[in-house]
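Thanks for coming, everyone. Let me put the structure up and walk you through a few parts of it.

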Amino acid sequence: MTKHSKDWYAATPAPWPQPVLKGHTIPGYRYTSKAFADEEWQKMWTKSWLLLGREDEIPEPGDYQMEEVGPEGIIMARQADGSIKAFYNVCQHRGARLVFNEIGSTDAFVCPYHGWRFELDGLLTKALDSEDFPEGDPCGKLRLIEIACDTFAGFIWVNLDPDCVSLKEYLGPVWDDWQPYRVQEWKRYLALTANVPVNWKVILDNFNESYHLPAVHPQSDALVEENYRWTQFDMSEEGHNRMWMQSGSPSHRLLATGEPLMKPALEATLKAWELNPDDFRGREFDTREALQQAKRTLGPARGYTYFDDLHDHQLTDTYHYFVFPNFAVSVWAEGFHFLRARPHPTDPEQCVFDNWWYAPAPEGVTTPVNTAAGPVARDAEVEHVVFNFGEQSLGEPIDQDMAVTPGQQLGFRSRAYKGVYLAKQEHRIRRFHEVIDEYIEGKRPAPKRVQAVAAE
Ligand code: FES
Ligand SMILES: [Fe+2]
């Protein structure tokens, strides 16, 4: 199939290989036990690639970002040659944290305790009374502990395992799937971070299934095909998941309710792409294809030049990705919803939840970005806001998701919770937990040496 031939436009996404599931029952202690959380940290978090930073936050040499994951703080610093290095945020003198701010710019990292100076590349160059160390002058000898670091989709990813596979290998099919959207050029339009009183997996379980949509997000049936019979679920060998939901037309679930198929959200979307809702009365399921054609025709002139590289289905449909272990994202042609949960440093029944939104900012586009928390001006500079769950809204759809999670965390503490009873459309949750266990059992990540031998 040649690119941009009729077949190329109309192609549907090739399914990923479906791994065999083992039937995990997902018992409650996985969400409440400190011992289990410690195992996860030692054997899974410290062996996985983690999305932590964003390249465009640190454009100049000396710019750095510091992000926390579990008990660790990680510094990501732009080097003189434009590359990025990542370090544990730990002074090699007596363990003090070097920086506490989330973002900054500096010539070097100077420890607040005794003033040791580490250069941007991690090397210690200055220490008070450096001649007074029986083991030798630490300058030029000690360094910050460096961590594997790479970039993809504009994000900075780190891996605490010095023997890790490459990020590209780790991401598997996600790597190729995301290329045409050019998300590395997109800008952040929402940055809400909440401390939530649930285990981090409660959040990712939620984003690994769409079975909750009719009950939790009743508004979603206007534009998204939330009926599983029309949805494609994929699980990759690498442990990631994907869900393809046709969008731009009503859900087939509406047929059973007798509700009108043309709801205000669909009308507004049609009008935004110069289509008349009245032309589709009685044939509302044709709107998806009409929107694809309209976006194909109008998109590039509106500044969405990359639409030319998207298949028709990518112009309208919702792709939901879960990148193991803690990143979920809904991707559309015009933006993506960034959802990440990070474990609390000590308490398995708390986590840090990031609800962010990215969208392109093509020159000439002045329409606001419709984020999960409402419209945001295209030229806005968005501030990162951190708060405790309940103190402020996370935007309607996420408030709806989060409203059910503390109750589930309570259920996981109960003797009456006997384990899950899952629909097939929720199998990505089972897969998520089985991959965690494969790390804990030492089956992942496969040592590079063994992989190399296997490939011979
Ligand atoms: S702990 Fe950093 S200089 Fe002493
Ligand atoms: Fe949801």
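First, some terms. Two strands pair if DSSP finds at least two bridges between them. Helices (H or I, at least four residues) and strands (E, at least two) are DSSP runs, numbered from the N terminus.

Now the ground rules. This is a predicted model, where local features need pLDDT of at least 70, side-chain atom pairs count only at pLDDT 80 or more, and totals for chains, interfaces and linings use all residues. Residues are numbered from 1 along each chain as its sequence is written, chains are lettered from A and ligands numbered from 1 in the order in which they are written, and side-chain values use heavy atoms, with hydrogens and water left out.

Start with the eight-stranded sheet. This sheet is open, its pairing is mixed, and its order is 12-13-14-15-16-17-11-20. Which strands sit at the edges? Strand 12 (231-235) and strand 20 (385-388), each pairing on one side only. From one strand to the next, the twist averages 15°. Angles here run from 0 to 180 degrees between N-to-C directions, and axes are lines fitted to C-alpha atoms, for helices over the stretch in contact.

Look inside that sheet. Strand 16 (residues 335-343) and strand 17 (residues 351-359) run antiparallel, joined by eight bridges. Arg-342 has Val-352 of strand 17 as its bridge partner. Helix 12 packs on the sheet. Helix 12 touches strand 11 (187-196), strand 16 and strand 17, and its direction makes about 165° with that of strand 17. Contact means heavy atoms within 4.5 Å.

Helix 12 takes us to the metal. Which protein atoms are donors of the iron ion (ligand 2)? They are His-212 (NE2), His-217 (NE2), and Asp-401 (OD), listed twice, lying 2.0 to 2.7 Å from the ion. Donors are N, O and S atoms within 2.8 Å of the metal (3.2 Å for Na, K and Ca); water is not among the atoms, so sites may look incomplete. Along the chain, the donor spacing reads H-x4-H-x183-D. His-212 and Asp-401 link distant parts of the chain, 189 residues apart. His-212 is in the loop between helix 6 (200-206) and helix 7 (213-216), while Asp-401 is in helix 12 (residues 396-412).

What about the geometry? The site is irregular, with angles of 54 to 145° among its four donor atoms. For reference, four donors count as tetrahedral if all angles lie between 85 and 135 degrees; four count as square planar and six as octahedral if opposite donors are over 155 degrees apart and all others between 65 and 115; anything else is irregular.

Are His-212 and Asp-401 buried or exposed? Both are buried. Buried means under 20% relative accessible area, exposed over 50%, partly exposed in between (1.4 Å probe, protein chains only).

Next, strand 2. Strand 2 (residues 63-69) has six of its seven residues buried. Strand 2 pairs with strand 3 (residues 72-78) in the antiparallel sense over six bridges. Two residues lie between these strands in their hairpin, and Gly-70 there takes a positive phi near 55°. Strand 2 also runs antiparallel to strand 5 (residues 103-105), joined by three bridges. There, Asp-63 stands opposite Ser-105.

Take one residue of strand 2, Gln-65. Its bridge partner in strand 3 is Met-76. Gln-65 counts as buried because its relative accessible area is 5%. Its side chain makes a polar contact with that of Glu-67 (3.4 Å). A polar contact is a pair of N or O atoms within 3.5 Å; within protein, one must be able to donate a hydrogen and the other to accept it, and residues adjacent in sequence count only if both atoms are side-chain atoms.

Last, some backbone details. A cis peptide bond joins Phe-324 and Pro-325, with omega about 5°. Pro-325 is in the loop between strand 14 (318-323) and strand 15 (327-332). Another cis bond runs from Arg-444 to Pro-445, with omega near -15°.

Ile-26 is not a glycine, yet has a positive phi of about 55°. Ile-26 is buried, at 1% relative accessible area. His-4 also has a positive phi, near 75°. At 27% relative accessibility, His-4 counts as partly exposed.

That's the tour. Thanks.
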